[in-house]
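Me: Hey, I've just opened this one and don't know my way around yet. Can you walk me through it?

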Amino acid sequence: MSHLVIAPVLFPLFAATLLLLLRRVMPLRVRRSLNLVALVIQILLVSLLAQRVAGGEILVYALGNWPAPYGIVMVADRLSVWMLLVTSLLAFFAMLYAVRGTDAGSRHFHPLFQLQLFGLSGAFLTGDLFNLFVFFEILLLASYGLLLHRGGANRVRAGLHFVALNLAGSTLFLFAVGTLYAILGTLNMADLAVKAAAIPPENLGVVRAAGLLLFAVFALKAALIPLYLWLPAAYSSTSAPVAALFAIMTKVGAYSILRVYTLIFGAEAGPVADLIGPWLLPLALATMAIGTLGVLAAHELRRQVAYLVVVSVGFLLTAFALGTEASIGAGLYYLAHTTFAAAAFFLLADIIAMGRGTLADRLDPGPIIANASLVGALFFITAILVSGLPPLSGFLGKYMVLNAAVDLPSMPWVFGVILTAGLFGVIALARSGSLLFYRAEGLIERTGAAGRSAVGPNWGRLLPVIGLLLLCVTLVIWAGPLSEYTRATAEQLLEPGVYIRAVLGDPRPV
Amino acid sequence: MLEEPSSMEALIAVIIGVLTACGVYLALRARTFPVVIGLTLLSYAVNLFLFVTGRLTVGQPAVISDQAVGYTDPLPQALVLTAIVISFGMTAFIIMLALKARAELGTDQVDGRLDGGDAPNERGREHG
């Protein structure tokens, strides 16, 4: 039993505690460096773990050495580690931007950031349904603090909606988990899969209801239609590095959907097999369509990017809903791309907003921003990435998903919605880009309202954006091995028997 | 596995149902105070629900010993303890947030509109 499995969970907790204890003792400069060092170590830990599981081995860590169905287990398989890798890289670049001034004003920003990472890592690694709830609460509580960082009327209003909705979601989660426990008598996900497959007919209705309730909870986290309404306000009103980090938050919902509905309610689950099959694809496609309308209608750049996140969730879940090895693999490749691209876009939108003084990120013709050619070029590259035009990673992800859908009966719907949404996305971003950079006129208002005067971009702020864009370029250059890895991940997911045997140990019939 | 429903089980089921219904109704109100109370009621309902997921057993120990003829499931008690702690913290947080929203937005409407915007009845109801 390797302790490496639990290291990505414990290390952020340790770092958060340290940063919390040092918040009054150490100057901000030291705490910033500490946090960045901690994030680099986290990336290294996850990379070590990735080397171990890339070959297809599933590492199981039984907490307190209690055997699987009785104790809580942490499970590292290809999917968990892929999510951890994306999260830790994203967190590093978000923090690199945050240390340029966003983190000032509250001593708790750095501990909360690490606690958020703690919750995310735990949610990706746990093999226990109730433990998943606990880690959801940890990451949510940290995200409330980060969302409200530095206050302001807009942030508080969006935060109130976000918190109230998620509290209702947590209640639903507990109802679903309680129902599953009452009927199946276990909370371990592998054991749940075994018990659900052998369920007597009189309990079938209750378990199906609990499974669908769980889907509602994950759909709320993933911002699937009609539960996406909290996202645009929350993401567009918070500070840029937090919005960038939140790019992974919707993917937690997507991850949970993928995990639970391939393992517990997957194709081999007998009477409860393919539980959300009839729901997921139509909802995902509708999410893309509605999100695209939001992208077209947005009056502020940040709100537009928030709606682009909704579109990407729709796209991701479309790929997962198709349910083949190729489509899930392509979806996981796209997941990494869309997380980095959306985060880069949030950071860039903040740089643009700061460069335009009182006009901020409203999509109106305004003054020429300082260093417009460089920022404009970055905007152009990001827009190409996000809208999925060749030659960057967005195109590759989209192509692989469409390629996986060619032979399926749902092909016309998938092609129609994805291609139309892509076209409208290009139109909306082209309009925003030309408004921000070509129709600019006049000089920068340097005498705006207090704290609102224009600030030109500096390399410290541009560096994280360029870093995130380079990660997307990396996804293109090593597209071969990486898509091979995600395809192997999908293969592993579609054979839940291997996971179940790894966790429960004995060769039970599956 | 499922025994005949006793009157005790029916009573608990009704309590959970009433708590949930009241919680949902209050959570859908337009002002922050009823919303917070509604979410609290919902968390009470779910805590009670978790507690009875191990079935209602009377007069049995939670820990198995040689003398005991049966046992009551100890796991839901551990789960409900966790859930209570989490919901307690979350309630405290949302109360502080509601107070902050009242101070920052100048209104206790959930959507932050002064005078409830397009809900003219809201004022009359407040006094009624």
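**A first look around**

Reply: Sure, let's begin with one side-chain pair: Thr126(A) and Asn131(A) are joined through their side chains by a polar contact of 2.8 Å. Keep in mind that this is a predicted model.

Me: Okay, where is Thr126(A) found?

Reply: Look in the loop between α4 (109-125) and α5 of chain A.

Me: Is Thr126(A) buried or exposed?

Reply: Buried, because its relative accessibility is 1%, and the cut-off for buried is under 20%.

Me: What does Thr126(A) touch, leaving out residues up to four places away in sequence?

Reply: Val73(A), Met74(A), Asn131(A), Leu132(A), Phe135(A) and Met189(A). Take Met189(A): it sits 63 residues from Thr126(A) in sequence, yet the two C-alphas are 9.1 Å apart in space. The side chain of Thr126(A) also has a polar atom 3.3 Å from the backbone nitrogen of Asp128(A).

Me: Switching topic: how many residues does each chain bring to the contact between A and B?

Reply: Chain A brings 29 residues and chain B brings 33. Together they bury about 2700 Å², with 82% of that on carbon and sulfur atoms.

Me: Which three residues of chain A supply more of its buried area than any other three?

Reply: Leu160(A), Phe175(A) and Tyr181(A), which supply 23% of the area chain A buries against chain B.

Me: And which elements of chain A give two or more residues to that side?

Reply: α5 (129-147) and α6 (153-184). The largest share comes from α6(A), with 18 residues.

Me: What's the mix of residue classes there?

Reply: On the side of chain A that touches chain B you'll find 19 nonpolar, 8 polar and 2 charged residues.

Me: How many salt bridges are there between chain A and chain B?

Reply: The count is 0. For polar contacts, there are 5 residue pairs between the two chains, counting pairs with both residues at pLDDT 80 or more.

Me: What scores does the predictor give the complex?

Reply: An ipTM of 0.86 and a pTM of 0.91. For chain B, the mean pLDDT is 83, and 84% of its residues reach 70 or more. Residues 116-128 of chain B have a pLDDT below 50, and that stretch has 9 contacts in the model beyond near neighbours in sequence.

Me: New topic, backbone oddities. Which residues of chain A have a positive phi although they aren't glycine?

Reply: Arg150(A) is one of them, with a phi of about 75 degrees. Ala223(A) is another, at about 65 degrees. Most residues other than glycine have a negative phi.

Me: Where are those two, and are they buried or exposed?

Reply: Arg150(A) is in the loop between α5 and α6 of chain A, and it counts as exposed because its relative accessibility is 52%. Ala223(A) is in the loop between α8 and α9 of chain A, and it counts as buried because its relative accessibility is 0%.

Me: Last one: which peptide bonds in chain A are cis?

Reply: One of them joins Ile225(A) and Pro226(A), with omega about 0 degrees. Pro226(A) lies in the loop between α8 (204-222) and α9 (230-237) of chain A. Another runs from Pro390(A) to Pro391(A), where omega is near 10 degrees. Pro391(A) is in the loop between α15 (372-387) and α16 (393-405) of chain A.

Definitions and conventions. Residues are numbered from 1 along each chain as its sequence is written. Chains are lettered from A and ligands numbered from 1 in the order in which they are written. Side-chain values use heavy atoms; hydrogens and water are left out. Contact means heavy atoms within 4.5 Å. Buried area is the accessible area (1.4 Å probe) that two parts lose on being put together, summed over both. A salt bridge is a side-chain nitrogen of Lys or Arg within 4 Å of a carboxyl oxygen of Asp or Glu. A polar contact is a pair of N or O atoms within 3.5 Å; within protein, one must be able to donate a hydrogen and the other to accept it, and residues adjacent in sequence count only if both atoms are side-chain atoms. Helices (H or I, at least four residues) and strands (E, at least two) are DSSP runs, numbered from the N terminus. Ala, Val, Leu, Ile, Met, Phe, Trp, Tyr, Cys and Pro count as nonpolar, Asp, Glu, Lys and Arg as charged, and the others, Gly among them, as polar. Buried means under 20% relative accessible area, exposed over 50%, partly exposed in between (1.4 Å probe, protein chains only). pLDDT is the predictor's confidence in each residue, from 0 to 100.
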